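Dear colleague,

I am passing on the structure below, and after it you will find what turned up when I went through it. Please read the notes with the coordinates open beside you.

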Number of protein chains: 2
Amino acid sequence: MVPCLKDVAERAGVSVSTASIALRQDPRVKEETRRRIAQAAEELGYRPNGIARDLKTRRTGMIAILLHSLGGPFFSELVRGIEDAVHVSDFMPIVSSSGKDDSALRRFLLEKRVDGAIILNSNIDEEVLQTVASESMPIVVLDRSIHLEHVYPVMCDHRTGARRATRHLMDLGYPEVAFISGPADSYHGRLRHDGYVDAHASLGRQVDERMIYHGTFTEGSGYDIARRMAENGRMPQAIFAANDEMAIGALRAFGELGVRVPQDVAIVGFDDIRLANYVTPSLSTVRQPMYDLGVTAAKTLLRMLKGERGFAPAELQTELIVRQSSTGFPG
Amino acid sequence: MVPCLKDVAERAGVSVSTASIALRQDPRVKEETRRRIAQAAEELGYRPNGIARDLKTRRTGMIAILLHSLGGPFFSELVRGIEDAVHVSDFMPIVSSSGKDDSALRRFLLEKRVDGAIILNSNIDEEVLQTVASESMPIVVLDRSIHLEHVYPVMCDHRTGARRATRHLMDLGYPEVAFISGPADSYHGRLRHDGYVDAHASLGRQVDERMIYHGTFTEGSGYDIARRMAENGRMPQAIFAANDEMAIGALRAFGELGVRVPQDVAIVGFDDIRLANYVTPSLSTVRQPMYDLGVTAAKTLLRMLKGERGFAPAELQTELIVRQSSTGFPG
DNA sequence: TTGTAGGCGTTATCAC
DNA sequence: GTGATAACGCCTACAA
């Protein structure tokens, strides 16, 4: 049904090996023979079978980008960065997300269907990375602190970002800054929490545990927490939320309750999702350089694929973006 | 370096074929032998090589989702739908976007690296589809009207959606509705334009070509057009924009100029991007059922992969969502 | 119940 | 310049 190299060779009256190198423009084969072969291939509609080539050459030319979900707000920026950087090589990036079931992703890696991978998915645990990563299959992990051979981390300094956001509010003159945290088991959540603590330490202040509220990174949880704050009469004057979604939820709650932002309470989020600039008031936040993160991850992987080793793990900085929700001064 | 089946077999003292079937739980092999083989595999850290298996079995177990870009607002909903539907099978969906260079995507298909594909990317032209699609490689194209063997279209009725949006404004009592179109070479843009025309026809009205403005689907183009409208003193009372981005650009321009929406001008967009619900005033729009589109595409492809043929092309309906930007009546 | 042999479609190594 | 021949790692008749 589908023509293979042998068919082309027969039709052109040459051997399979000659056909093979001829079609790859090898200068060893005479111009005229080459043309005959090319024509035979054309007539048969021949296309090389990538799988067979991969098996023989022991490389697939593909690198995997494994995510937890494709939904997140940054994801597209990240992938854009990776794609732009990979584009100069002749690798092809393919994206896959785990959804509920990460076993498929694991198999993907274990079965060597790619030459390397960039992983932003905490479900792929260290053990899998350990067994999968090798000379011939380097891996870059994003936003995780892992040190294994053939595995390089590319991180973003959430902790410093969170410290700056908190300090920004403190420096504005707010004596106490409340914190809406992420889920306890979230690595990012923990780093952002640590940054919040750091900010206090940097001024020799004590963290008041009662100022810490536990959210789940969803808009709804931010909304609920903000309502509770207002209704319990324990309104802080300033809030740092561990992500924008929760900050926006809080904004919505305060809007409904007639609590003015930033006059009554200042708010800073984290992530700089697109919405942050569109809500009213616009939301101050901490921006992660997702595009750059993608570029850095890709460049690192490409270097590893070229056989380089031993460079330092990368850590990129965040940027504080001040908008309306934290402009002004304690009322 | 990497252990293969032969190594496992040797270590277990059996032949390769026995090892092969044993590892796939074939009942033909004796319990004790199986255990010995399993242990050998375990000790060596053996993992089957997916590429080799694919070559032999002539199937990869993967289906490709080929997009133009990963950035768009719907894309993640679409992919979520596809993934949810594919999940019940044992295929694995992998996503790739062309960015600047679609030749990589074409190669991907031509080299048979997947068992099937879902394509939402107009750069992959009919000729490529023609040569690629086959019994063993069915393809679903989204939002394109293509009829080829082994290629099924899954579409969304943009035209009717655009007609309804336009009629909605007309029915509100606005005598004239301006149209901010997309780029001329856009298939969607054309369908939405046709719907706009249909709405006029349905009331026996004539389209006034001067009410049609040509945008580029970007927020900036919507902004520019709205400014021109206001500054030239040719303000319409109602506007239908071919997408939300442009509608939101117009909203921003009117906001700056003190033109009130919906009192001075009513606006309806298309797409229902997340932002539409958050801008002020919130934007009326036409929602495409992206998730359902993904589910339908995936189910269709899975049926084709099972060998079914001859079912009807799918067309899904849009939904008009009325928000603040078109509530009220001609002022 | 297990082993032998051949092949999937390609590339690589040598001869000629 | 070109052509045998042997892999790549796995699967599957068929034979024993």
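**A buried histidine in chain B**

His158(B) is buried, with a relative accessible area of 0%, in a model that, I should say at once, is predicted. This histidine belongs to helix α8 of chain B, which runs over residues 158-171. Once the neighbours within four places in sequence are set aside, the residues in contact with His158(B) are Asp143(B), His188(B), Leu191(B), Arg192(B), Phe270(B) and Gln288(B).

**The overall form of chain A**

Chain A has 12 helices and 12 strands in its secondary structure. Its radius of gyration is 27 Å, well over the 20 Å that the globule rule gives for 331 residues, so chain A is more spread out than a compact globule. Taken along the principal axes, the box filled by the C-alpha atoms of chain A is roughly 90 × 35 × 30 Å. Of the 331 residues of chain A, 54% count as buried, and among the contacts in this chain between residues at least 6 apart in sequence, 69% join residues that are at least 24 apart.

**Two helices, one in each chain**

Helix α8 of chain A, residues 158-171, has 14 residues and reaches 19 Å from its first C-alpha to its last, which is close to the 20 Å expected at 1.5 Å a residue. The buried residues in α8(A) are His158(A), Thr160(A), Gly161(A), Ala162(A), Ala165(A), Thr166(A), His168(A), Leu169(A) and Met170(A). The cover over these buried residues includes β5 (151-156), α9 (187-202), β8 (238-241), β9 (266-268), β10 (285-287) and β12 (319-321) of chain A. After α8(A) comes Gly173(A), with a positive phi near 115°.

In chain B, the 13 residues of helix α10 (residues 219-231) should span 18 Å at 1.5 Å a residue, and the end C-alpha atoms are 18 Å apart, which agrees. Here Glu219(B), Ser221(B), Gly222(B), Tyr223(B), Ile225(B), Ala226(B) and Met229(B) are buried, and the buried residues of α10(B) pack against β6 (178-181), β7 (212-214), β8 (238-241) and α11 (244-257) of chain B. Gly233(B) follows α10(B), and its phi is positive, near 65°.

**The surface near DNA strand D**

DNA strand D is surrounded by 23 residues, the closest of which are Thr18(A), Thr33(A), Lys56(A), Arg58(A) and Leu5(B). Of the atoms of DNA strand D that come within 4 Å of the protein, 69% are accounted for by sugar and phosphate. At the backbone of the strand, a phosphate oxygen of DNA strand D is 2.9 Å from a polar backbone atom of Lys30(A), and a phosphate oxygen of this strand lies 3.0 Å from a polar side-chain atom of Ser20(B). A base is reached as well, since an N or O atom in the side chain of Lys56(A) is 2.7 Å from a base nitrogen of DNA strand D. The elements that give two or more residues to the surface near DNA strand D are α2 (16-23) and α4 (50-57) of chain A, together with α2 (16-23) and α4 (50-57) of chain B. The most is given by α4(B), with three residues. Sorted by class, the surface near DNA strand D has eight nonpolar, seven polar and eight charged residues.

**A contact between the chains**

Glu111(A) is placed in the loop between α6 (103-110) and β3 (116-120) of chain A, and it is buried, with a relative accessible area of 7%. Its side chain makes a polar contact, at 2.7 Å, with the side chain of Arg53(B). Not counting residues up to four places away in sequence, Glu111(A) touches Pro48(B), Asn49(B), Gly50(B), Ile51(B) and Arg53(B).

**An arginine after β12 of chain B**

Arg323(B) sits in the segment after β12 (319-321) of chain B. What accessible area does Arg323(B) have, and is it buried or exposed? Its relative accessible area is 14%, and because buried means under 20%, Arg323(B) counts as buried. Leaving aside neighbours within four places in sequence, Arg323(B) is in contact with Asp272(B), Ala276(B), Asn277(B), Ser282(B), Leu283(B), Ser284(B) and Thr285(B). Of these, Ala276(B) is 47 residues away along the chain, and its C-alpha atom is separated from that of Arg323(B) by 9.0 Å.

With best regards

Notes:
Residues numbered from 1 in each chain as written. Chains lettered and ligands numbered in written order. Predicted model: local features only at pLDDT ≥ 70, side-chain atom pairs only at ≥ 80, totals over all residues. Heavy atoms only, no water. Helix = DSSP H or I, 4+ residues; strand = E, 2+ residues; numbered from the N terminus. Expected span 1.5 Å × (residues − 1). Buried < 20%, exposed > 50% of the residue type's maximum accessible area, 1.4 Å probe, protein only. Contact = heavy atoms within 4.5 Å. Near = heavy atom within 4 Å. Polar contact = N/O pair within 3.5 Å; in protein donor to acceptor, adjacent residues only side chain to side chain. Nonpolar A, V, L, I, M, F, W, Y, C, P; charged D, E, K, R; others polar. Rg over C-alpha atoms; globule rule 2.2 N^0.38 Å.
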